[in-house]
Amino acid sequence: MDSFGCLVLRISVLLCGTCGVLALIRNNGITEPEFIRRCVQAHNNAHRSRVTPPAASARSMSWDNELAKGARDRARHCRASYNPTVAHFGHPLLGWMGENIWLGVPFSAFSVENAIQRWSKEGAYSFRKNNNNCSRLCGHYAQLMWSTSFKLGCAVNVCTKGIENFSSHPESTIFVCNYGDTGHVHGITPYIAGVTCSGCGSEICRDNVCRYDWFPGWDYGPASSAHSISYWLTNLGLCLPGVCWTLIYYATH
């Protein structure tokens, strides 16, 4: 879409309100630049870069088309449940994947920013940093803040026949984001607290997150959460002989 087309699209959204946004989603979906920008910005600038206490090595997230396609396919199923195969078969190169889902009625209740803000609020109310566990549901928060996640792809769908196990409303809305690397390994903190960007290493610190540019074909990035577990335990001085391998085994099976 050229710059003039983007301008016309944005004006139509402003003039038509919900109707304009709904048309944007149906006509352009996961390839619409403004939707992509808002998803990436809401993850990086609004939450990962502002987490408290600060993260020492949280990576910036960038868009991945394959992850977005997987999110779109899941959203089109209109089910209030997670994809049981997403962690293992969702991406040809990233391998393990994570998934966050937002549900709402009517469509006017949805915005990218509000949906991601709800995921973030889980941690404020239930995540306990002293023992790396949740008093209530906080898997969305853990994935949102998982420091080694560096790719995402999202999609939103209006389910005119309702969402299974959620609502029969004709504007039932589902928003799905898929992530690589996957997050929320039980008992492991989503990120290591410390001076902002102090753990970036050779990566560039930008907007309080570690800039990690990844392109298929020359750098596959971290292979899975198992590597992240080993990294965290080593840096915390807890990687005793046999312990890391045991945790890695259970994280990958």
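**Exercise 1.** Is F110 buried or exposed in this predicted model?

*Solution.* The relative accessibility of F110 is 11%, and a residue counts as buried when its relative accessible area is under 20%. F110 therefore counts as buried.

**Exercise 2.** Find the aromatic partners of F110, and work out which parts of the chain one of these pairs ties together.

*Solution.* Begin with W102, whose ring centre lies 5.4 Å from that of F110, with the two planes at 55°, so the pair is tilted. Turn next to F175, which forms another tilted pair with F110, at 5.2 Å centre to centre and with 50° between the planes. Because F110 lies in the loop between β2 and α6 while F175 belongs to strand β6, this pair ties together parts that are 65 residues apart in sequence. As for burial, W102 has a relative accessible area of 3% and is buried, and F175, at 0% relative accessibility, counts as buried too. Finally, W102, F110 and F175 are among the members of one aromatic cluster, which also includes F35 and W119.

**Exercise 3.** Check the length of helix α4 (residues 65-76), and then determine where its buried residues lie.

*Solution.* At 1.5 Å a residue, the 12 residues of α4 should span 16 Å, and the end C-alpha atoms are 16 Å apart, which agrees. The buried residues of the helix are L67, A68, A71, R74 and A75. Seen down the axis of α4, they fall within an arc of 125°, so they line one face of the helix. Strands β1, β2, β5 and β6 are included in what covers these buried residues.

Conventions. Residues are numbered from 1 along each chain as its sequence is written. This is a predicted model: local features need pLDDT of at least 70, side-chain atom pairs count only at pLDDT 80 or more; totals for chains, interfaces and linings use all residues. Side-chain values use heavy atoms; hydrogens and water are left out. Helices (H or I, at least four residues) and strands (E, at least two) are DSSP runs, numbered from the N terminus. The expected span of a helix is 1.5 Å times one less than its number of residues. Buried means under 20% relative accessible area, exposed over 50%, partly exposed in between (1.4 Å probe, protein chains only). The arc is that of the directions from the helix axis to the C-beta atoms. Contact means heavy atoms within 4.5 Å. Rings of Phe, Tyr and Trp (its six-membered ring) pair if their centres lie within 6.5 Å; planes under 30 degrees apart count as stacked, over 60 as edge-to-face and the rest as tilted.
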